[in-house]
Amino acid sequence: MAFNPRKLRLSSFVLVGIIFASAIISATSVDVGSIVTPEFFDGIKNQAAPDCPGKSFYTRDVFLNVLDQYPEFGQTGSDDDSKREIAAFFAHVTHETGSLCKIEEDNKEVYCNEPNYACIPGKSYYGRGPIQLTGNGNYKTAGDALQFDGLNSPEKVAQDPVLSFRTALWFWKTNVHSVGKQRFWGNNQGD
């Protein structure tokens, strides 16, 4: 059989196409809502006392609606990696809020610890929301990113469930997502 360069090019083209298609197919597209089911979300809330303020404040529907603004959340490598990120986020939220009970932390200190941002007299920058955003620096940068006045109105995070989840997902994306992807739920498996 004689060598045919046209067949070699066609075979190479087909092989590259198969490799490219398999890469696309293996890329994750996890439906976060299919993991954060009503049973999953309520299972966290039901661990808290019935009179907790967070039980009516934090809802799955608000979380999923806010999630549309953070399409990279839960889209981390393989499906298993994505599930690990979602689990890590909710483990953190569960810890910070006492199973979605607390909207504000108990310790109402001022937390004016970032000298680059002036603290507003009478305002406190203690933990609020699902991730318990804390400190004047975090309120300032979250406010700038999410278009609310975090220094003058930090209490809004505890008053508006949408803003509350937005600050949590913003903080996660800004401070945790890339580190977690590298070290915890990414593809480096124990490096």
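**Two positive-phi residues and two disulfides**

Gln147 is found in the loop between H7 and helix H8, which spans 161–183. Keep in mind as you look around that this is a predicted model. What makes Gln147 worth a click is its backbone: phi is near 60 degrees, a positive value in a residue other than glycine. Is Gln147 buried or exposed? Its relative accessibility comes to 76%, and the cut-off for exposed is over 50%, so Gln147 counts as exposed.

Now step back along the chain to the loop between helix H6 (79–97) and helix H7 (136–146), where you'll meet Ser99. Here is another non-glycine with a positive phi, this time about 65 degrees. The surroundings don't match those of Gln147, though. Ser99 has a relative accessibility of 9%, and since buried means under 20%, Ser99 counts as buried.

Stay in that loop, as it also holds Cys101, which brings us to the disulfides. How many turn up when the whole structure is searched? The search finds two. In general, a disulfide is a covalent bond between the sulfur atoms of two cysteines.

Cys101 pairs with Cys52, and their sulfur atoms sit 2.0 Å apart. This pair links distant parts of the chain: Cys52 belongs to the loop between helix H3 (38–45) and helix H4 (54–57), while Cys101 is in the loop between H6 and H7, 49 residues apart. Which hand does the link have? The torsion about the S-S bond is about -85 degrees, so the disulfide of Cys52 and Cys101 is left-handed. Check both ends for exposure and you get a consistent story: Cys52 has a relative accessible area of 8% and is buried, and Cys101, at 13%, is buried too.

The other disulfide joins Cys112 and Cys119, with the sulfur atoms 1.7 Å apart. Turn to its torsion and the hand flips: with 110 degrees about the S-S bond, the link of Cys112 and Cys119 is right-handed. The exposure changes as well. Cys112 counts as partly exposed, at 41% relative accessibility. Cys119 has a relative accessible area of 21%, and because the cut-off for buried is under 20%, Cys119 ends up as partly exposed.

To finish, how do the bonded cysteines pair up when you number them in sequence order? Along the protein chain the pattern reads 1-2, 3-4. On the model, that's Cys52 with Cys101 and then Cys112 with Cys119.

Technical notes:
Residues numbered from 1 in each chain as written. Predicted model: local features only at pLDDT ≥ 70, side-chain atom pairs only at ≥ 80, totals over all residues. Heavy atoms only, no water. Helix = DSSP H or I, 4+ residues; strand = E, 2+ residues; numbered from the N terminus. Buried < 20%, exposed > 50% of the residue type's maximum accessible area, 1.4 Å probe, protein only. Disulfide = S-S within 2.5 Å.
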